[in-house]
Amino acid sequence: MGFNELDLVYDNDLRNPDNFDKKTYSFLASLETGDIVIFQSPLWITSQIERDFIDKVKLRQSKVAIFIHDIPSMMFEGNKNLMPLFIELYNKADLLIVPSENMKEHLINEGVTVKKFVIQNIWDVPIDFTSNSEPKYLPRINFAGSGDKFGITEKLKSSDIELEIYENKPAGIDVPSTVHYHGYVTERELLTELHEGGFGLAWSENEYLKIYTKYNASYKVSSYLRAGIPLIVDSKVSCRKLVEDNHWGIVVDSLEEAVHRVKTMSEDEYRGYTKSISKVSALLRDSYFTRKSLIDAVYELY
């Protein structure tokens, strides 16, 4: 799309004010007045360095759009006290690219004063994955992630539904024959196996993590859609309207309800979902949503 990379590489020298000035000068040497910098956050270093870096960009009369991938102070309960620092960071931007409309409203309530926003909604999955077959209706639930962390294994192990979990089996636990651990696989292998059929679960029984799903854009959701299988999502998830409006899967209030819906679904109903999902799967492959977010941001800033 014609963007140039500002190769900001973190090392401990950036913590030294003198070295920080020298290093950022070289990073930003190519910037000109009126240029737009898309700043991906978090960099997983320190929010102070992120704020200082954006200050340097602004000194060059360049515009800044912060592309918020995640917010550490919302992801981890122990980091809640850091939220004011991230609000200070975001308020340095001319525009924010945020995961959802819910996140936009939440940040405004937390003190963000930025006036221009672009809503991302969904992550792309530009993986070279193709298949000549269609996913099959199977009474099975796939979960790409830690079943223990999100409380999925414990909640579903007593049901008679087949549960496919993509993580290594934790040591010292007993699970019924309906629970299968696949270990960690490559992204292409994951998409290939998911494409066989069944449903993709984006869910958390952990209450703190569950709250975050109201605001963030889940990569699990994108992976399932890219694989072509229907979603199972919580009714409070940020992408609920997208799922319902585009016929991407089922929206439920409990995993018990999800199991019932899966077991009673007809093959025709399942094919209706997969037909709708095939359209967005192609868009995810071609990075449509990221391209649109960046184009919209540039348009808004010019």
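## Trp123 and its stacked partner

Trp123 is buried, with a relative accessible area of 17%, where buried means under 20% relative accessible area, exposed over 50% and partly exposed in between (1.4 Å probe, protein chains only). The model is predicted, so local features need pLDDT of at least 70 and side-chain atom pairs count only at pLDDT 80 or more, while totals for chains, interfaces and linings use all residues. Residues are numbered from 1 along each chain as its sequence is written, and side-chain values use heavy atoms, with hydrogens and water left out.

The ring centres of Phe67 and Trp123 lie 6.0 Å apart with planes at 5°, so the pair is stacked; rings of Phe, Tyr and Trp (its six-membered ring) pair if their centres lie within 6.5 Å, with planes under 30 degrees apart counted as stacked, over 60 as edge-to-face and the rest as tilted. This pair links distant parts of the chain, since Phe67 belongs to strand E2 (residues 63-68) and Trp123 to the loop between E4 and E5, 56 residues apart. Helices (H or I, at least four residues) and strands (E, at least two) are DSSP runs, numbered from the N terminus.

## Asp124 and the Tyr288–Phe289 pair

Asp124 lies in the loop between strand E4 (117-119) and strand E5 (136-143). Asp124 is buried yet has no salt bridge, and the nearest side chain of opposite charge, Arg291, is 7.1 Å away; a salt bridge is a side-chain nitrogen of Lys or Arg within 4 Å of a carboxyl oxygen of Asp or Glu, and Lys and Arg count as positive, Asp and Glu as negative, with His and the chain ends not counted.

The side chain of Asp124 instead has backbone partners, reaching the nitrogen of Phe289 at 3.2 Å, while the backbone nitrogen of Tyr288 lies 3.4 Å from one of its polar atoms. The rings of Tyr288 and Phe289 have centres 5.1 Å apart and planes at 85°, so this pair is edge-to-face. Phe289 is buried, at a relative accessible area of 16%, whereas Tyr288, at 35%, counts as partly exposed.

## Nonpolar cores

The largest nonpolar core (buried Ala, Val, Leu, Ile, Met, Phe, Trp, Tyr and Cys residues joined through side-chain atoms within 4.5 Å) has 50 residues, and those with the most contacts inside it include Ile141 and Ile152. Helix H12 (residues 267-285) supplies the largest share of this core, five residues. A second, separate core of 32 residues includes Ile54, Phe86, Tyr90 and Met103.

Technical notes. Polar contact = N/O pair within 3.5 Å; in protein donor to acceptor, adjacent residues only side chain to side chain.
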